[in-house]
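Below are some notes on the model, set out as numbered points for discussion. They begin with one helix and its packing partner, and move from there to a second region and to the fold as a whole.

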Amino acid sequence: MKRKYSMIAAALLVTCSLTACQRGIMIDRTVLKNGTNGDSESSEIAEEETSTIQIEQDDEELEIELYNTYININNFMVGRLQDSLERYFKYVDIEQDEFTLLDSDDDYFSCYSLSQYDIEDVESAYEMVNSKSEKTDLDEAFLALYPSISVVMSTLNDIYEYTDMKSYLDDDYQRAKEYHTTLMEALVDYVTIGDIFLDELDVVATKNQTEALEQMKEEGYEVLYTMTMVLHSAMDIENELDAQGVWDENILDMDMEKIQPLYDEFVSHVELLLEYSKDDDKLKEEGIPVMSAYWSSFIRDMKETKTSLTEVLQKVKNGEELSTFDLAITSMQGQCSLSSFAVGVTAMINDYNQIISY
């Protein structure tokens, strides 16, 4: 079996190879071996070289861990945290500095709770970046983001507990007003600096992505490479749809001349991976954890994602809008809608991340 691949990818789908770390260990052992011949000077040199190598290895591992934590934070920001904000402003007027319900006849409002694991990622990244003597532009962007994202996270969780217990009925929305003021003030910096952080991360991710994909091919990880390309091609389609301003309610505005080539590329990667999935020797050679539920889940989610997109494009070619039934079940995978396609892509990403960290 080939050396177990990679350390991490994430929603940005950039893998960081273990090769450099493994070389560091190999050099370390060689130095120790060459420096134990009874020659004290050689021994001292060997110890210094070993120490330097260990420091470099530790620094590299820190960078990889920090980068992966940044990826997790990215996923959190555009995922659960964004969902929580959207739910809150579904009931509360975002245009008002003071707490105002959009529907004055409805006394209900809420947001989603934020996981302690996501909060710990933010705190962990803050500790790691502060331990670095030299900070990158991405590090500086995160440090600038940290105060506002911390307040946004804690305030949303406060609002969740407050609304979950219906405490706003006890104090006539008094704390709701306080939480809203705190949240709105924090969002001013969070939105602006958050965009800067995500842009800086995108620059680093693009560079890492190119290097990682080339390394996958060079080292013969054809299955992993194809899995990655399935996801990249699916996200290319999402990005193009977003650029066109097309979603479930206006699929007939889709520019098929731009979407069709992206779809064809996506399908080619899907079909190739399905062929690889039948090759037990190839899967074993690459160390793909075929007994893991995430592998079978990835294949299933991939098929359902392809089905969703295929059916939508057929509707577009026929000049048909999505039906009322289609629009009613957009949160389900494998259904005829762009929302279902997006749900499937997210599911594949989650499967992929579990597989490569297995």
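1. Helix α11 is largely enclosed by the rest of the structure, because 15 of its 19 residues are buried. The model is a predicted one, and the remarks here should be read with that in mind. The helix covers residues 338–356, and from its first C-alpha to its last it reaches 27 Å, close to the 27 Å expected at 1.5 Å a residue.

2. One partner of α11 is helix α9, which comprises residues 293–318; the two pack at an angle of about 160°, and their axes lie 8 Å apart. Since angles over 145 degrees count as roughly antiparallel, α9 is described as roughly antiparallel to α11. The crossing in which α9 passes α11 is left-handed.

3. On the α9 side, the contact is made by Tyr294, Trp295, Ser297, Phe298, Asp301, Met302, Thr305, Ser308, Leu309 and Val312. The α11 side contributes Leu338, Ser340, Phe341, Gly344, Val345, Ala347, Met348, Asp351, Tyr352, Gln354 and Ile355. Taken by character, the residues of this contact between α9 and α11 comprise 13 nonpolar, six polar and two charged. As background to the spacing in such lists, an α-helix has 3.6 residues a turn, so residues three or four places apart point the same way.

4. A second place to inspect is His269, which is found in helix α7, residues 256–276. Is His269 buried or exposed? With a relative accessibility of 15%, His269 counts as buried, because the cut-off for that class is under 20%. Leaving aside neighbours within four places in sequence, the residues in contact with His269 are Thr226, Met229, Val230 and Ser233. Of these, Thr226 is 43 residues away from His269 in sequence, while the C-alpha to C-alpha separation in space is 6.1 Å.

5. Helix α6 spans residues 222–244, and its 23 residues reach 33 Å from the first C-alpha to the last, close to the 33 Å expected at 1.5 Å a residue. After α6 comes Gly245, whose phi is positive, near 70°.

6. For the protein overall, the count is 11 helices and zero strands, so a reader following the chain from the N terminus meets the elements in the order α-α-α-α-α-α-α-α-α-α-α. Of its 358 residues, 46% count as buried. Among contacts between residues at least 6 apart in sequence, 74% join residues at least 24 apart.

Technical notes. Residues are numbered from 1 along each chain as its sequence is written. This is a predicted model: local features need pLDDT of at least 70, side-chain atom pairs count only at pLDDT 80 or more; totals for chains, interfaces and linings use all residues. Side-chain values use heavy atoms; hydrogens and water are left out. Axes are lines fitted to C-alpha atoms, for helices over the stretch in contact, and angles run from 0 to 180 degrees between N-to-C directions. Helices (H or I, at least four residues) and strands (E, at least two) are DSSP runs, numbered from the N terminus. Angles under 35 degrees count as roughly parallel, over 145 as roughly antiparallel, 65 to 115 as roughly perpendicular and the rest as oblique. A crossing is left-handed if the near helix is turned anticlockwise from the far one by less than a right angle, and right-handed if clockwise. Contact means heavy atoms within 4.5 Å. Ala, Val, Leu, Ile, Met, Phe, Trp, Tyr, Cys and Pro count as nonpolar, Asp, Glu, Lys and Arg as charged, and the others, Gly among them, as polar. The expected span of a helix is 1.5 Å times one less than its number of residues. Buried means under 20% relative accessible area, exposed over 50%, partly exposed in between (1.4 Å probe, protein chains only).
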